[in-house]
Amino acid sequence: MPSLFGKRNGIFSISRKRLYIHVFFVSIICWFFFFHKRNYNLTHEGIVHNADPEQVWEFVADFSNMMKLNPTIEEFNILKESGNYEHWKYWVEYTEHLSATTWIKNHAVGQYSIKRSGHGFVIESKHTTCFIFGMNCFYTEAEFFFERSGDHDTRCIETIHYQCPLGFIGMCEGEVKAQRKLIMGNLRQHFSTLHTNKHNKKV
């Protein structure tokens, strides 16, 4: 007749196996939702009134102005730059917080390429953005194109390819859209103020 002690060991052994299986599947699910990355695309377009496309392009290309256009950026450091006015390149590291949850911050490194393109001007950039002390990083590519619209305005078209974990799709999309809206709104405000000041000086 088997002892009670032996039965208990068997029960505990089965319980441990079930626990390990549960932990394994929970880990897989957590990894899938929080670390497995999928690629998404977004195109955003806006008009900046009474502004020359070359001036708008130059203003946006200068990363020091990005803190005015996008206040989620807290600090930055230019790592390297090269080229000339026709094709300027620079690498920058920066820290930013999310627009909706300001206590969540990330560290990013961006590579920028600024040049003329056909009938307009373009800013191409590649970004590696990391959370959780660099444990979870995401890759983004963007193209910001500026062209004349009518006689006095500038059309800005930004195309973004970004990564996001499945469990944060809504938050990622909301953050990307919120920052585009913020940048375009501040860009319009900046050139509207310049135009008003210029007009007042003529009066």
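Asp52 caps the N-terminal end of helix H2, with a side-chain oxygen 3.0 Å from the backbone nitrogen of Glu54. The model is predicted. Helix H2 itself covers residues 53-61. Its buried residues are Pro53, Val56, Trp57, Phe59, Val60 and Ala61. A general point about helices helps in reading such a list. An α-helix has 3.6 residues a turn, so residues three or four places apart point the same way. Within the list, Val56 and Val60 can be picked out, and so can Trp57 and Ala61.

Now step back to the whole chain. Four helices and seven strands make up its secondary structure. Along the sequence the order is α-β-α-α-β-β-β-β-β-β-α. The chain has 203 residues, and 33% of them count as buried. Its accessible surface is about 12,900 Å². Carbon and sulfur atoms account for 59% of that surface. Take the contacts between residues at least 6 apart in sequence: 52% of them join residues at least 24 apart.

How are the seven strands ordered in the sheet? They run E1-E7-E6-E5-E4-E3-E2, in an open sheet with antiparallel pairing. Strand E1 (37-48) and strand E2 (73-83) are the edges, each paired on one side only. From one strand to the next, the twist averages 15 degrees.

Strand E4 is a good place to look at the pairing in detail. E4 spans residues 105-117 and pairs with strand E3, residues 87-97, in the antiparallel sense. Eleven bridges make up that pairing. Across it, Glu93 stands opposite Val109 of E4. E4 also runs antiparallel to strand E5 (residues 120-131), again joined by eleven bridges. Here Tyr112 has Ser125 of E5 as its bridge partner. Further along, Lys115 stands opposite Val122 in E5. E4 and E5 form a hairpin, with two residues between them. Gly118 sits in that turn and has a positive phi of about 60 degrees.

Next come the cysteines. A search of the whole structure turns up two disulfides. A disulfide is a covalent bond between the sulfur atoms of two cysteines. With the bonded cysteines numbered in sequence order, the pairing is 1-2, 3-4. One disulfide joins Cys130 to Cys137, with an S to S distance of 2.0 Å. This link is right-handed, with 110 degrees about the S-S bond. Cys130 is buried, because its relative accessible area is 17% and the cut-off for buried is under 20%. Cys137 has a relative accessible area of 24%, so Cys137 is partly exposed.

The other disulfide is formed by Cys164 and Cys172, their sulfur atoms 2.0 Å apart. The torsion about its S-S bond is about 80 degrees, so this disulfide is right-handed. Cys164 is buried at a relative accessible area of 0%. Cys172 is buried as well, at 18%. Cys156 also counts as buried, because its relative accessibility is 0%.

Finish in helix H4, residues 169-202, where Gln179 lies. Is Gln179 buried or exposed? Gln179 is buried, because its relative accessible area is 10%. Which residues does Gln179 touch, leaving aside neighbours within four places in sequence? They are Asn70, Thr72 and Glu96. Within reach along the sequence, the side chain of Gln179 makes a polar contact with the side chain of Glu175, at 2.8 Å.

Technical notes: Residues are numbered from 1 along each chain as its sequence is written. This is a predicted model: local features need pLDDT of at least 70, side-chain atom pairs count only at pLDDT 80 or more; totals for chains, interfaces and linings use all residues. Side-chain values use heavy atoms; hydrogens and water are left out. Two strands pair if DSSP finds at least two bridges between them. Axes are lines fitted to C-alpha atoms, for helices over the stretch in contact, and angles run from 0 to 180 degrees between N-to-C directions. Buried means under 20% relative accessible area, exposed over 50%, partly exposed in between (1.4 Å probe, protein chains only). A polar contact is a pair of N or O atoms within 3.5 Å; within protein, one must be able to donate a hydrogen and the other to accept it, and residues adjacent in sequence count only if both atoms are side-chain atoms. Contact means heavy atoms within 4.5 Å. Accessible areas come from the Shrake-Rupley method with a 1.4 Å probe; for residues, only the protein chains shown count as cover. A disulfide is a pair of cysteine sulfur atoms within 2.5 Å.
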